[in-house]
Protein chains: 4
Amino acid sequence: MRFGITARMASKEATELVHQALVFLEPEHEVLLEPIIAKKLGRNGVEIEDMDVDVLIAIGGDGTILRALQHTKAPVFSVNVGSLGFLTEVSPDEMLYALERIVQNDYMVDERIKLKTELNGERLHDSTNEVVIHTSQIAKIRHFQIFIDEELVESVRADGIIVATPTGSTCYAMSVGSPIIVPGLSAFVIVPIAPFKLSARPMVISSKSRIEIKLYEPRKNCILVLDGQFDIKMTPKDSLTISLSEEKAKFIRFGQDFYRKIKEKLGV
Amino acid sequence: MRFGITARMASKEATELVHQALVFLEPEHEVLLEPIIAKKLGRNGVEIEDMDVDVLIAIGGDGTILRALQHTKAPVFSVNVGSLGFLTEVSPDEMLYALERIVQNDYMVDERIKLKTELNGERLHDSTNEVVIHTSQIAKIRHFQIFIDEELVESVRADGIIVATPTGSTCYAMSVGSPIIVPGLSAFVIVPIAPFKLSARPMVISSKSRIEIKLYEPRKNCILVLDGQFDIKMTPKDSLTISLSEEKAKFIRFGQDFYRKIKEKLGV
Amino acid sequence: MRFGITARMASKEATELVHQALVFLEPEHEVLLEPIIAKKLGRNGVEIEDMDVDVLIAIGGDGTILRALQHTKAPVFSVNVGSLGFLTEVSPDEMLYALERIVQNDYMVDERIKLKTELNGERLHDSTNEVVIHTSQIAKIRHFQIFIDEELVESVRADGIIVATPTGSTCYAMSVGSPIIVPGLSAFVIVPIAPFKLSARPMVISSKSRIEIKLYEPRKNCILVLDGQFDIKMTPKDSLTISLSEEKAKFIRFGQDFYRKIKEKLGV
Amino acid sequence: MRFGITARMASKEATELVHQALVFLEPEHEVLLEPIIAKKLGRNGVEIEDMDVDVLIAIGGDGTILRALQHTKAPVFSVNVGSLGFLTEVSPDEMLYALERIVQNDYMVDERIKLKTELNGERLHDSTNEVVIHTSQIAKIRHFQIFIDEELVESVRADGIIVATPTGSTCYAMSVGSPIIVPGLSAFVIVPIAPFKLSARPMVISSKSRIEIKLYEPRKNCILVLDGQFDIKMTPKDSLTISLSEEKAKFIRFGQDFYRKIKEKLGV
């Protein structure tokens with residue numbers, strides 16, 4: 001098999017795990033490394049986009065995985081290094097056991113829908129969790145208009161708007177009031193951040209719908225954040241549309257654990 | 001065409017509208033009346049279940065419509081008499097114009113999913129809005145266990161649990177924190193009423209899932225309320241399952257107005 | 001010292017603890033028992049109201065304490081038997097140690113404000129946690145009008161209204177969205193239960209204010225529940241006022257633990 | 001009487017109202033102008049801090065008033081120019097009538113508590129509405145520790161924390177879930193912005209308490225925003241305390257209209 005590795009290199013533990021993975025895999029498998037990792041080990045690196053691999057190993061936290069998913073179409077096997085790890089699959093001490101199962105072909109691929117974002121017709125990176133449109137001036141609200149399939153459905157002054165997938169419904173979106181959406185449902189949720197409107201509510205829509213978000217006031221800008229990875233300026237003149245991507249986020253899993261993770265999180 | 005009529009007969013206005021509808025329709029169409037209405041007019045009545053009609057006219061509020069939908073498979077044309085009318089289609093002064101369009105075949109049928117409820121294997125009436133399981137003792141919480149496809153996903157002490165359709169997501173469910181779910185989405189939302197658990201959240205699931213709700217404590221009963229129409233006792237020994245009905249609720253519409261109604265409600 | 005004892009006699013553990021307390025206290029102190037307990041032990045009992053004691057020992061859960069506080073002006077020392085125990089002070093195995101501290105006069109009294117409720121001018125029992133006005137028909141909303149100091153401040157259709165003290169703000173009121181109010185603040189919070197009004201919000205008011213709640217619709221009744229103890233029918237003709245009681249709920253404490261309990265509850 | 005005038009000079013309507021006020025007042029009263037206004041009229045201006053006036057006239061929106069209140073101890077008479085005006089007292093066409101009442105001494109002063117903020121012991125401007133501590137990187141949460149009277153009461157990862165007065169409880173704080181707090185209550189409310197913690201709740205505390213907020217992680221900064229006016233950088237090394245100011249915000253009123261404004265806002 002061909003493997004790629006990306007990791008949060010600021011973490012010593014991640015660096016050590018990269019080493020362990022190499023020792024375990026390289027006798028029989030080809031392993032490509034991101035340039036930043038490769039450099040540390042005195043090897044040649046390959047950008048994630050250019051890796052033609054069967055499995056991409058992501059060692060780090062949710063940020064590491066989300067970033068990896070923006071650059072690969074391969075299934076991602078994730079090892080949690082750091083505090084949160086809501087998206088990650090195994091803990092560091094389970095890594096080698098899990099890799100053994102992968103090379104034995106004993107795993108599942110959990111496919112999740114992604115959001116396609118277009119700014120003025122130009123396609124940005126897909127998002128596995130959410131697209132955030134946030135006022136660029138902290139504590140200064142913006143006036144947003146939300147169109148679904150070309151119909152104006154909400155007009156609200158708020159700090160921002162989150163459009164999330166079911167995967168993202170338990171992350172940032174949840175902290176501003178999103179319901180939990182089970183992964184299998186092909187739906188998006190639209191939630192305002194700090195809406196200055198008592199009647200504002202989260203809205204769950206079909207993933208077949210096309211969302212357009214406009215800034216209503218002249219000269220008041222926003223910042224666009226995709227899966228916490230990119231900060232792109234958005235002005236009232238920009239056209240922003242969000243819809244279902246034809247790509248999927250692929251997570252390597254060893255068991256059906258959605259409800260278990262939710263239950264841990266919710267304290268059932 | 002064959003019409004049936006049901007109405008909230010406690011209302012004078014509804015009685016007058018029944019009269020107007022009869023004057024308008026009877027020259028050319030057959031009209032069946034519910035027994036309670038028929039009796040007032042000195043005619044013979046037919047129960048809604050036994051009406052084999054093309055269109056059922058429901059004159060009243062949301063309660064009148066929801067009750068009608070529990071007893072008919074015909075599309076329902078609704079005239080709003082009373083305060084709320086979130087589900088109703090036209091106001092009293094639009095009734096004759098709307099009937100004219102119906103006999104001209106100039107209308108749409110808006111099909112909505114319904115909930116099938118089984119108590120100990122016995123099928124109860126379907127629900128267009130929601131199924132409520134509520135403590136039978138006011139202000140005394142119950143301990144509920146919620147299973148989705150046989151997996152325990154929530155265990156919560158609360159006043160009750162609401163399982164709602166997208167249609168119901170803007171009614172009772174919304175008053176306890178449900179998101180708005182657009183009508184086209186084949187999903188249900190499960191929301192606790194007054195949960196004594198800070199982490200409880202609404203959960204949106206696929207309509208393909210089968211929900212089972214159990215009362216965890218011995219000798220503490222609940223009341224089951226389907227679309228506000230029936231009060232059925234439920235004990236901890238009872239088995240309650242909720243799933244997608246093969247029947248649809250059919251609303252006669254003259255325009256796509258979901259977002260308009262939501263916008264009125266939300267004050268956009 | 002003179003002690004009184006009340007206990008949840010359905011619980012075997014409570015009965016055993018009553019026995020232990022008697023063995024510990026009676027050599028040197030006088031102990032009065034509620035009739036239901038006294039009868040089991042073949043003694044003469046005294047109603048809580050008629051006990052002229054220095055300390056009332058309440059063995060049971062929050063319900064036992066709240067009921068005790070409705071009948072006594074003495075400070076209450078509470079031993080938690082049962083699951084919840086948000087109001088209780090010590091666990092069963094700490095009881096004797098705590099009693100030793102009480103007879104040594106080594107304890108604090110934590111005074112909390114109480115709600116005075118008048119129905120048609122007749123004073124009902126005071127409430128330490130909350131007054132609930134709830135629709136008497138499950139899943140059938142009522143229209144409430146809330147007046148503060150004779151000014152109409154809210155008109156809302158809901159399942160009910162909760163008026164809570166700071167002590168009650170972390171109990172039933174919290175499950176419908178109340179903020180946490182620290183015990184020292186002389187304030188009440190008014191929270192609707194399942195309001196059919198998107199803009200409804202909890203309201204925190206001065207404890208000097210006088211609250212009046214009216215049922216707006218004719219012939220639609222409610223149930224009044226004070227600290228979960230009494231179920232009193234309320235009709236639209238009834239006049240209900242809630243204000244600060246001149247009495248306090250007195251809890252015997254051995255440490256300042258409000259934030260600790262909140263932290264346990266909130267998972268800090 | 002001595003008057004001062006501040007206005008949102010970007011607005012033509014505000015400029016015209018300044019002119020009207022001068023024509024009305026100057027025959028008999030002294031009027032001082034802010035430098036930016038004075039310059040437009042070819043006069044000499046005086047900074048708000050240096051105006052020793054009986055009444056400060058603020059012509060603009062809530063931002064104009066909040067800024068004025070940070071620089072004056074005089075009572076503020078506010079004329080609403082712009083959309084929101086939750087804090088403002090009269091509309092433009094009521095201005096001259098209201099000024100007539102002021103010079104006749106026929107008005108009330110509504111005193112509201114303010115927040116005192118100290119950063120590393122240095123006192124910043126007081127806040128009438130709220131103090132916001134917000135992550136300086138949009139969509140990147142921070143870990144906050146909240147101490148009340150030196151006790152740790154909350155530890156939460158969030159976009160930010162709002163500490164608000166009763167006056168501010170219906171502004172920014174409300175958009176993240178604050179209850180309404182009536183103006184007379186001497187209390188503060190602490191509310192997290194987008195908390196990544198399901199159990200987080202608003203907390204209402206006595207205004208006698210001293211709040212300290214710490215950034216828990218190294219090298220992750222925040223922005224401090226006082227009444228929407230100042231953006232000050234805050235690092236994990238900074239010590240931030242918030243308590244009751246000895247100064248009051250003084251609003252000139254012509255009627256008791258708190259509940260009326262709330263009712264308009266809430267749609268009673």
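Which residue stands opposite D:E212 in β17(D)? I started my notebook with that one, and the partner is D:T241. A reminder to myself before going on: this is a predicted model.

**Entry 1: around β17 of chain D**

I stayed with this strand for a while. Strand β14 (residues 211–215) of chain D is joined to β17(D) by three bridges, and the two run antiparallel. Next I looked up strand β5 (residues 108–119) of chain D, which pairs with strand β17 (residues 240–253) of chain D in the antiparallel sense over eleven bridges. Within that pairing I noted D:I113, which has D:K248 opposite it in β17(D).

Following β5 onward, I came to D:N120, in the loop between β5 and β6 (122–123) of chain D. Its phi is near 55°, a positive value, and D:N120 is not a glycine. I then asked myself whether D:N120 is buried, partly exposed or exposed. It counts as partly exposed because its relative accessibility is 45%, and that class lies between the cut-offs of 20% and 50%.

**Entry 2: a similar look at chain B**

I found a positive phi in chain B too: B:D149 has a value of about 50° although it is not a glycine. B:D149 is placed in the loop between β8 (142–148) and β9 (151–158) of chain B. With a relative accessible area of 44%, B:D149 is partly exposed.

**Entry 3: sheets that take strands from chains C and D**

Here I traced the strand order. One open sheet has seven strands in the order β11(C)-β13(D)-β12(D)-β10(D)-β7(D)-β15(D)-β16(D), with mixed pairing. Which strands stand at its edges? They are β11 (180–181) of chain C and β16 (230–234) of chain D; each has a single partner strand, so one side of each is left without a neighbour in the sheet. Inside this sheet I checked strand β12 (residues 187–193) of chain D against strand β13 (residues 203–206) of chain D, and they pair in the antiparallel sense over four bridges. D:A187 has D:S206 as its bridge partner in β13(D).

Another open sheet of seven strands reads β16(C)-β15(C)-β7(C)-β10(C)-β12(C)-β13(C)-β11(D), again with mixed pairing. Its edges are β16 (230–234) of chain C and β11 (180–181) of chain D, each with a single partner strand, so one side of each has no neighbour in the sheet. I wanted to see the step from chain C to chain D: strand β13 (residues 203–206) of chain C is joined to β11(D) by two bridges, and these strands run parallel. In that step C:V204 stands opposite D:I181.

**Entry 4: the start of chain A**

In which sense do β1 and β2 of chain A pair, parallel or antiparallel? Strand β1 (residues 2–7) and strand β2 (residues 30–33) of chain A pair in the parallel sense, over four bridges. I picked out A:F3, whose bridge partner in β2(A) is A:V31. Together with helix α1 (residues 12–25) of chain A, β1(A) and β2(A) make a right-handed β-α-β unit.

**Entry 5: rings**

I counted aromatic pairs next: the structure holds four over all chains. One of them is A:F77 with A:F254, edge-to-face, at 6.1 Å centre to centre and 80° between the planes. This pair links distant parts of the chain, since A:F77 sits in strand β4 (residues 76–80) and A:F254 in the loop between β17 (240–253) and α6 (258–266) of chain A, 177 residues apart. Both A:F77 and A:F254 are buried.

In chain B, B:F77 and B:F254 also form an edge-to-face pair, at 6.1 Å centre to centre with 80° between the planes. B:F77 counts as buried because its relative accessibility is 0%; B:F254 is buried as well, with a relative accessible area of 18%.

Two lysines went into the notes beside the rings. C:K214 lies over the face of C:F147, at 4.6 Å from the ring centre, and D:K214 lies over the face of D:F147, also at 4.6 Å from the ring centre.

**Entry 6: a serine pair and the cysteines**

I looked up B:S207, in the loop between β13 (203–206) and β14 (211–215) of chain B. B:S207 counts as buried because its relative accessibility is 5%. Its side chain is joined to that of B:S186 by a polar contact of 2.6 Å.

How many disulfides does the structure hold over all chains? It holds zero. I also checked B:C171, which is buried with a relative accessible area of 7%, and D:C171, likewise buried with a relative accessible area of 7%.

Methods
Residues numbered from 1 in each chain as written. Chains lettered and ligands numbered in written order. Predicted model: local features only at pLDDT ≥ 70, side-chain atom pairs only at ≥ 80, totals over all residues. Heavy atoms only, no water. Phe/Tyr/Trp six-rings, centres within 6.5 Å; stacked < 30°, edge-to-face > 60°. Buried < 20%, exposed > 50% of the residue type's maximum accessible area, 1.4 Å probe, protein only. Lys NZ or Arg CZ within 6 Å of the ring centre and 35° of its normal. Disulfide = S-S within 2.5 Å. Pairing = 2+ DSSP bridges. Right-handed = clockwise from strand over helix to strand, strands pointing away. Polar contact = N/O pair within 3.5 Å; in protein donor to acceptor, adjacent residues only side chain to side chain.
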